[in-house]
Amino acid sequence: MRKIGLFGGTFDPIHNGHLIISEYLREELVLDEIWFIPARVHALKNNEMISPPEVRKAMLELAISENRYFKCSDVELVKEGISYTIETLDSLHQMYSSLNPKFYFFIGMDNVDELPLWKKPAEILTKCQVIAFGRPGFKPSEKVKPFLPHLQFLHIPLLEISSTFIRLRVGQGKSIRYLVPDSVMHYIKENQLYTRPGK
Ligand code: ATP
């Protein structure tokens, strides 16, 4: 059996918070690999404001290139329309059945709170082990309480980094060094990303 961590997100851009969490969880859960899954169209975000998929994927690949346990999966990028986790899990189970995989799906506390809004959340819980972890400023609210016994909570080093914060700093002409890998910082600069207000 292969133990595979799945980390879905918009990754606009991927930041050191994502990478630190992934390496930490890989070790804690003794995972064989972690697959980063950039969403094509996010169900709950304003997609007009999100960078094109190929740009987000390019930054992700730069960021993970030196970690042999980290891979990028195109499963959501190649599919038209909104990226639903339940469909992603079905596709991955189908595509990789020969690996006999056990999937561990990572979600930060901000996303845990949105679980009731996801498509078929109860079914998601039968197709993977959901691994939840803290995020500064977020606590589970009443509406998500019924789901909590089905999630596995792990303590991680808390980091107040978000892609929004990175985009904001770039827009203000401030340094993002050490918040993202150097390769991602250079890519953002060369491609003049996040320089327009609100992007
Ligand atoms: P944005 O600020 O654009 O919303 P983000 O930083 O939340 O982006 P995403 O790509 O949307 O990044 O996040 C993917 C996953 O990573 C989500 O489950 C989110 O909860 C989690 N995550 C991202 N940053 C952190 C962090 N600093 N601590 C804990 N979880 C995080």
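This note sets out numbered points on the cysteines, aromatic contacts, pocket and cavity of a predicted model.

1. Disulfides. A search of the whole structure returns 0 disulfides. For Cys-72, the closest cysteine sulfur belongs to Cys-128 and lies 19 Å away, which is too far for a bond. The same separation holds when the search starts from Cys-128, whose closest cysteine sulfur is that of Cys-72, at 19 Å. A disulfide would require the two sulfur atoms to be within 2.5 Å.

2. Accessibility of the cysteines. Cys-72 has a relative accessibility of 21% and therefore counts as partly exposed. Cys-128, at 10% relative accessibility, counts as buried. The value for Cys-72 should be read with the cut-off in mind, because buried means under 20% relative accessible area.

3. Aromatic pairs around Phe-7. The structure contains 9 aromatic pairs. In one of them, the ring centres of Phe-7 and Phe-11 are 5.8 Å apart and the ring planes stand at 90°, so this pair is edge-to-face. Phe-7 also pairs with Phe-133: here the centres are 6.3 Å apart and the planes are again at 90°, so this pair is edge-to-face. The contact between Phe-7 and Phe-133 joins distant parts of the chain, since Phe-7 belongs to strand 1 (residues 2-9) and Phe-133 to strand 5 (residues 129-133), with their positions 126 residues apart.

4. Burial of these rings and the wider cluster. Phe-7 counts as buried at 6% relative accessibility. Phe-11 is likewise buried, at 1%, and Phe-133 is buried at 3%. These three residues belong to one aromatic cluster, which is formed by Phe-7, Phe-11, Phe-36, Phe-70, Phe-106 and Phe-133.

5. Charges over rings. Two tyrosine rings merit inspection. The charged end of Arg-26 is placed over the ring of Tyr-69, at 3.8 Å from the ring centre. Lys-119 is positioned over the face of Tyr-84, 4.7 Å from the centre of that ring.

6. The second largest pocket. This pocket encloses about 210 Å³ of space. Its lining consists of Val-170, Gly-173, Lys-174, Ser-175, Ile-176, Met-185, His-186, Ile-188, Lys-189 and Thr-195. Helix 7 (residues 182-190) gives the most to this lining, with 4 residues. By class, the lining residues comprise 4 nonpolar, 4 polar and 2 charged. The charged residues in the lining are Lys-174 and Lys-189.

7. The cavity. The structure has 1 cavity of 30 Å³ or more. The volume of the largest cavity is about 70 Å³. Its lining is made up of Val-75, Glu-76, Lys-79, Ile-82, Ser-83, Tyr-84, Glu-87, Thr-88 and Ser-91. These residues divide into 3 nonpolar, 3 polar and 3 charged. One of the lining residues, Tyr-84, is also the residue whose ring face lies under Lys-119.

Definitions and conventions: Residues are numbered from 1 along each chain as its sequence is written. This is a predicted model: local features need pLDDT of at least 70, side-chain atom pairs count only at pLDDT 80 or more; totals for chains, interfaces and linings use all residues. Side-chain values use heavy atoms; hydrogens and water are left out. Buried means under 20% relative accessible area, exposed over 50%, partly exposed in between (1.4 Å probe, protein chains only). Rings of Phe, Tyr and Trp (its six-membered ring) pair if their centres lie within 6.5 Å; planes under 30 degrees apart count as stacked, over 60 as edge-to-face and the rest as tilted. Helices (H or I, at least four residues) and strands (E, at least two) are DSSP runs, numbered from the N terminus. A charge sits over a ring if NZ of Lys or CZ of Arg is within 6 Å of the ring centre and within 35 degrees of the ring normal. On a 1 Å grid over the protein atoms alone, a cavity is a set of points where a 1.4 Å probe fits but cannot get out, and a pocket is an open set with protein on both sides within 12 Å along at least five of seven lines; lining residues have an atom within 4 Å of a point. Grid points are joined across faces, edges and corners, and a volume is the space filled by probe spheres set on the points.
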